[in-house]
Amino acid sequence: TIEPFTAHAIHDAIAQFLNERGLGFGLLMNALRICIVGSSTGADLTEIMEIIGKDETLKRIDKALLTLK
């Protein structure tokens with residue numbers, strides 16, 4: 001869990017997750033951006049996630065995952 005749910009903390013958690021797996025940001029962030037905002041371009045994604053909040057962020061990710069199934 002990411003606490004506090006701030007852009008900086010979200011970025012750090014994503015970076016740690018990707019680094020532990022030897023993956024780069026580009027691999028995840030484009031897909032995550034589409035899940036969160038529905039577009040491959042836009043403002044800083046972690047700032048958007050902070051603004052809409054943890055519950056809405058998770059809701060949008062869950063909805064995208066259900067769509068993919």
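Me: Leaving aside its neighbours within four places in sequence, which residues is Thr46 in contact with?
Reply: Ala7, Ile10 and His11, once you skip anything within four places of Thr46 in sequence. Keep in mind that this is a predicted model.

Me: OK, and where is Thr46 found?
Reply: Thr46 sits in helix H3.

Me: Is Thr46 buried or exposed?
Reply: Buried. The relative accessibility of Thr46 is 6%, and anything under 20% gets called buried.

Me: What about Leu45, buried or exposed?
Reply: Leu45 is buried, because its relative accessible area is just 3%. Leu45 also belongs to helix H3.

Me: Which residues does Leu45 touch, not counting those up to four places away in sequence?
Reply: Met29, Leu32, Arg33 and Ile36. For Leu32 there's a distance too: the C-alpha atoms of Leu45 and Leu32 are separated by 8.4 Å, with their positions 13 residues apart along the chain.

Me: Let's move along H3. Where does Met49 stand, buried or exposed?
Reply: Met49 has a relative accessible area of 5%, so Met49 is buried. Met49 is another residue of helix H3.

Me: And what is Met49 in contact with, leaving aside neighbours within four places in sequence?
Reply: Phe5, Ile10, Leu32, Ile36 and Thr57.

Me: How far apart in space are Met49 and Ile2?
Reply: 12 Å, C-alpha to C-alpha, and they're 47 residues apart in sequence.

Me: Now Lys54. Which residues does Lys54 touch, not counting those up to four places away?
Reply: Thr1, Ile2, Glu3 and Phe5, again with residues up to four places away in sequence not counted. Lys54 lies in helix H3.

Me: How does Lys54 count for accessibility?
Reply: As partly exposed, since the relative accessible area of Lys54 is 23%. The partly exposed class runs between the buried cut-off of 20% and the exposed cut-off of 50%.

Me: How far is Lys54 from Ala7?
Reply: 11 Å from C-alpha to C-alpha, with the two residues 47 apart in sequence.

Me: Switching to the start of the chain: what is the peptide bond from Glu3 to Pro4 like?
Reply: The bond is cis, and omega is near -10 degrees. Pro4 is placed in the segment before H1.

Me: Pockets next. How much space lies in the largest one?
Reply: About 450 Å³. There are 17 residues lining the largest pocket, and the closest to its centre are Ile14, Leu32, Met49, Leu58 and Ile61.

Me: So Met49 turns up again. Which helices supply at least two residues each of that lining?
Reply: Helix H1 (7–20), helix H2 (25–37) and helix H3 (45–68). H3 gives the largest share of the lining, six residues.

Me: How do the lining residues divide into nonpolar, polar and charged?
Reply: 14 nonpolar, two polar and one charged.

Me: Remind me, how does empty space get found at all?
Reply: By rolling a probe the size of a water molecule over the atoms, which shows where empty space is left.

Me: Zooming out, how many helices and strands does the secondary structure come to?
Reply: Three helices and zero strands. Read from the N terminus, the elements go α-α-α.

Me: What does the radius of gyration look like next to that of a compact globule?
Reply: The chain has 12 Å, and a compact globule of 69 residues would be near 11 Å, so the two agree. The C-alpha trace spans about 30 × 25 × 25 Å along its principal axes.

Me: What share of the chain is buried?
Reply: Buried residues come to 26% of the 69. The accessible surface of the chain is about 4800 Å², with 59% of it belonging to carbon and sulfur atoms.

Me: Last one. Of the contacts with a separation of 6 or more, what share is between residues 24 or more positions apart?
Reply: 40% of them.

Conventions: Residues numbered from 1 in each chain as written. Predicted model: local features only at pLDDT ≥ 70, side-chain atom pairs only at ≥ 80, totals over all residues. Heavy atoms only, no water. 1 Å grid on protein atoms, 1.4 Å probe; cavity = no way out; pocket = protein on both sides within 12 Å on 5 of 7 lines; lining within 4 Å. Points joined across faces, edges and corners; volume = space filled by probe spheres on them. Helix = DSSP H or I, 4+ residues; strand = E, 2+ residues; numbered from the N terminus. Nonpolar A, V, L, I, M, F, W, Y, C, P; charged D, E, K, R; others polar. Rg over C-alpha atoms; globule rule 2.2 N^0.38 Å. Buried < 20%, exposed > 50% of the residue type's maximum accessible area, 1.4 Å probe, protein only. Contact = heavy atoms within 4.5 Å. Areas by Shrake-Rupley, 256 points an atom, 1.4 Å probe, with all protein chains shown as cover.
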